[in-house]
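Student: I should like to understand how the terms of a structural description follow from their definitions. Please work through one model with me.

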Amino acid sequence: MTVPRVLITRPGERARHLAASIAATGAAPEALQVMRLEALPETPEQRSLWLNVDEFRRVVVVSPLAAECLVDALDRYWPQLPVGVDFYAVGAATAAILHERLGVRVRVPSSGRGLIGHDAGETRQAQGDTSEALLALPSLQVLNEQKVLVVAGEGGRPLLADTLAARGARLTRLAVYRRVLLTPEASMQQRLATGDYAALVVSSGEILEHLAGWCQPAALNQPLIVSSQRLATLAGSLGFADCRVAAGATPVALAAEVARACHLDGADVDHDDLEKG
């Protein structure tokens, strides 16, 4: 039996955990390098925000790299963590970094397995590693002039910040890293032109739009695994004809959808990856 080759586009360290989960299904993951994440140098404005982070009632962290940057800053400027700050995270991996390195309870948009230190008092109305799910948490519905800090990358979707501001937050958005799009290697450009793979895994709209320019009809008809219905809608508008929506952006959810797309159902995926990636 030929082992199906699966292209993964997740940048940074998190790609390793996704590759491990996909390999556990019996597929052969291959990295398609199309984005690099770079921490931004600290500015005087950033330093001022870090020094005054105790003025914020809520801190919302949108990604694992944003969490790493936040933790590093708090280590530099706060020998003891400020009190009275509630931490929120978009996704299990981000929550795990905050909990493990800061020892704080983190409110997260899912009641699924592997979420660390979440607030058991929240009644969750949406699930998944998405801004929409985070915004469904009851404690973020009415903010009444509360100061809220969103720690994120440059650019990205404005939904989270705009919605929190519309709900009354005195919102500050702090960009701590940038995304750099990369041209695929020549061999990968050829793979995308000919559809020479069993499935393509994408969990970023920016990456999906970037890749679409290299995908010829053969690739557009191969299985595309995405992490949300929003991405599936975008994929359809870009011409992808066989889009499969995973249960979320975690390695185990994406790997499970890969297994279905490649007819590898029943493979043993390590559910501990819910906490890792």
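Tutor: Let us begin with helix α10 (residues 229–238), which lies across β9, β10 (224–226) and β11 and runs at about 175° to β11. The model is a predicted one, in which local features need pLDDT of at least 70 and side-chain atom pairs count only at pLDDT 80 or more, while totals for chains, interfaces and linings use all residues. Residues are numbered from 1 along each chain as its sequence is written, and side-chain values use heavy atoms, with hydrogens and water left out.

Student: What makes α10 a helix and β11 a strand, and how is the angle between them defined?

Tutor: Helices (H or I, at least four residues) and strands (E, at least two) are DSSP runs, numbered from the N terminus. Axes are lines fitted to C-alpha atoms, for helices over the stretch in contact, and angles run from 0 to 180 degrees between N-to-C directions. Contact itself means heavy atoms within 4.5 Å. Helix α7 (residues 186–194) is described in these terms too: it lies across β1 and β2, at about 115° to β1.

Student: How do you know that β1 and β2 are paired?

Tutor: Two strands pair if DSSP finds at least two bridges between them. Four bridges join β1 (residues 5–8) to β2 (residues 28–31), and the two run parallel; the criterion is therefore met. Within this pair, Val 6 has Pro 29 as its bridge partner, and Leu 7 has Glu 30.

Student: Why is the crossover from β1 to β2 called right-handed?

Tutor: The chain passes from β1 through helix α1 (residues 14–24) to β2, a β-α-β crossover found to be right-handed. The term applies if, with the strands pointing away from the viewer, the path from the first strand over the helix to the second runs clockwise.

Student: What other strand pairs with β1, and in which sense?

Tutor: Strand β9 (residues 199–202) pairs with β1 in the parallel sense over three bridges. Val 6 stands opposite Ala 199, and Leu 7 opposite Leu 200. The open sheet of five strands has the order β2-β1-β9-β10-β11, with parallel pairing.

Student: Why are β2 and β11 (243–245) said to stand at the edges?

Tutor: Each has a single partner strand, so one side of each is left without a neighbour in the sheet. From one strand to the next, the twist averages 25°.

Student: Why is the pairing in the sheet of six strands called mixed?

Tutor: That open sheet has the order β3-β8-β7-β4-β5-β6. Its pairs include β3 and β8, antiparallel over five bridges, and β7 and β8, parallel over seven bridges. In β8, Tyr 177 stands opposite Ala 39 and is also the bridge partner of Gly 153. The edge strands are β3 (35–39) and β6 (106–107), each pairing on one side only.

Student: Why are α2 and α3 called roughly perpendicular?

Tutor: The axes of α2 (residues 44–51) and α3 (residues 64–77) come within 10 Å and cross at roughly 70°. Angles under 35 degrees count as roughly parallel, over 145 as roughly antiparallel, 65 to 115 as roughly perpendicular and the rest as oblique. The two helices are therefore roughly perpendicular to each other. Among the residues that meet are Trp 50 in α2 and Leu 70 in α3.

Student: How do you know that Lys 147 sits over the ring of Phe 56?

Tutor: A charge sits over a ring if NZ of Lys or CZ of Arg is within 6 Å of the ring centre and within 35 degrees of the ring normal. Lys 147 lies over the face of Phe 56, at 4.9 Å from the ring centre, and the distance therefore satisfies the limit of 6 Å.
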